[in-house]
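Please open the model in your viewer and keep the selection tool at hand. The stops below go from the ligand outward.

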Amino acid sequence: MWIGIDDTDSSEGMCTTFLVPEIIYSLGHDLIGFPRLVRLNPNIPWKTRGNAAVAIRIGKGYGKSRKVGEFRGKEIISYEKGKEIDDVGLLEKVMNIVERYAVLEDKKTSPGIIISKKKLDESIYWRAVRSVVYLKDIKIHIKDARYFGYKGGRGLIGAAAAIAWKPREKTYELIAYLPEDRWLHERFVDEDSVIEMDKNVKTTFENYDYRNRHVAIKPETRTPVLFGIRGKVPEDLERARLMVRSDPYIGYIIFETNQGTDDHLVRKKISEISPYDSVIVSGRVDSYPRVISGGHVIFRISDDSGSIDCAAYEKTREFREIVKSLVPGDMVTVFGSVKKYPGTINIEKMRVDSLADIYEKEIPRCPSCGRKMESAGNGKGYRCRRCGTFVKEIKYVKVEREIEKGFYQVPVIARRHLSKPIEFFQE
Ligand code: ATP
């Protein structure tokens with residue numbers, strides 16, 4: 001039996017992922033496979049933060065088993081396989097738990113719960129991670145399932161997509177949770193221990209931003225989450241967790257996720273870009289990058305179908321310096337997302353495919369006395385101030401470019417959940 005949930009939180013508190021260990025703990029059924037934390041279209045304007053939805057599969061477990069977490073003093077065990085269970089009151093039990101924690105008083109919160117015997121159609125996931133989906137379309141797919149949507153039930157979209165996800169690629173995230181009375185307080189995660197963990201457990205990623213001295217595993221907002229460690233190997237996440245010194249927590253659980261997979265990106269021509277798309281676009285740099293108010297850096301690219309602005313926003317910090325060294329004629333592939341029409345691509349990463357040759361005038365030395373010559377006026381050659389020698393010919397030299405071909409990405413502090421780190425391309 002699949003359970004999918006979304007849209008239970010507000011920007012002030014809660015986190016839908018917290019419901020996963022709570023439900024597993026309270027229901028007493030076996031967990032089959034890993035719980036899923038599925039990120040959806042990052043450009044959806046009505047998302048609270050990272051557009052995350054969750055799903056679990058429960059049943060009577062058999063086959064290989066493994067520990068995937070601990071919660072309120074109990075181990076969370078996941079089975080490789082499971083037999084179907086018949087729990088007629090399951091939806092009501094899940095609703096009770098959701099109602100206990102969901103921030104229903106928040107205007108924007110619109111929870112959705114789906115209980116489905118069948119795995120839902122994979123296409124729901126791809127549409128939800130790449131475009132805008134309407135609730136009426138989702139309802140067609142869940143007519144055989146039991147479901148409940150609160151306050152409009154927009155969360156059913158994410159809940160369905162989390163069940164529908166069929167990983168093409170995946171990563172894992174171990175999330176540790178604070179006790180409820182600490183959710184709205186300042187929390188402590190020791191920076192040095194995170195650096196040590198980052199250096200020792202090589203299969204983890206995006207733990208720490210060295211240049212900006214930012215502990216990325218600790219959320220910025222006050223939520224039940226104390227820290228979340230991302231990695232490629234679940235067993236290594238256990239080892240990583242034990243290295244992190246922090247406030248005490250009531251439990252942790254390892255999710256399989258679509259984070260770091262680039263699942264949101266679609267290769268497009270510029271003319272094909274629609275609002276809320278995330279795209280991969282190749283083009284020629286048309287304008288010198290310019291800094292606009294707020295410190296954002298903008299440049300324009302074109303392909304044979306049109307042209308579009310690309311932006312490295314202020315929060316991408318040192319990445320803007322790389323962007324600033326582009327010149328017209330460079331060929332780039334930009335990976336990023338668009339909010340509204342006509343749109344600007346908000347760059348997540350960029351590949352410089354070829355560099356334009358740029359030349360500058362060489363100031364010659366005087367052929368008679370060796371002194372550096374001076375310009376005799378625009379296009380008129382050079383004159384030596386000391387001996388009066390005149391040279392008509394203007395020579396150009398190729399300028400060494402500050403940027404090289406290859407991949408560049410925004411720093412960890414500005415990284416999007418779904419963005420695949422460029423290190424993954426190089427493995
Ligand atoms: P958090 O990351 O803290 O869990 P959130 O950013 O996931 O919060 P939600 O509160 O879940 O934000 O709001 C996102 C809402 O958008 C949900 O109701 C979800 O069903 C819906 N949604 C997600 N993807 C799409 C999509 N592609 N089209 C339309 N609606 C979507």
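Select the ligand and Thr48: an oxygen atom of the ligand lies 2.5 Å from an N or O atom in the Thr48 side chain, a polar contact (a pair of N or O atoms within 3.5 Å). This is a predicted model, in which local features need pLDDT of at least 70, side-chain atom pairs count only at pLDDT 80 or more, and totals for chains, interfaces and linings use all residues. Residues are numbered from 1 along each chain as its sequence is written, and side-chain values use heavy atoms, with hydrogens and water left out.

Add Trp46, where an N or O atom of the side chain is 3.2 Å from a ligand oxygen atom. At Gly158 the partner is a polar backbone atom, 2.9 Å from an oxygen atom of the ligand. The ligand taken alone exposes 640 Å², and the protein buries 98% of that (accessible areas by the Shrake-Rupley method with a 1.4 Å probe, only the protein chains shown counting as cover for residues).

Next, select every residue with a heavy atom within 4 Å of the ligand. There are 23, and Asp7, Asp9, Thr48, Asn51 and Ala52 are the closest. Helix 5 (residues 155-164) gives the largest share of this shell, three residues.

Now colour domain 1 (1-259) and domain 2 (266-357 + 402-425), as the domain assignment gives them. Their centres, taken over C-alpha atoms, are 31 Å apart. The contact (heavy atoms within 4.5 Å) takes 24 residues from domain 1 and 20 residues from domain 2.

Definitions and conventions:
A polar contact is a pair of N or O atoms within 3.5 Å; within protein, one must be able to donate a hydrogen and the other to accept it, and residues adjacent in sequence count only if both atoms are side-chain atoms. Helices (H or I, at least four residues) and strands (E, at least two) are DSSP runs, numbered from the N terminus. Domain bounds come from an automatic or database domain assignment.
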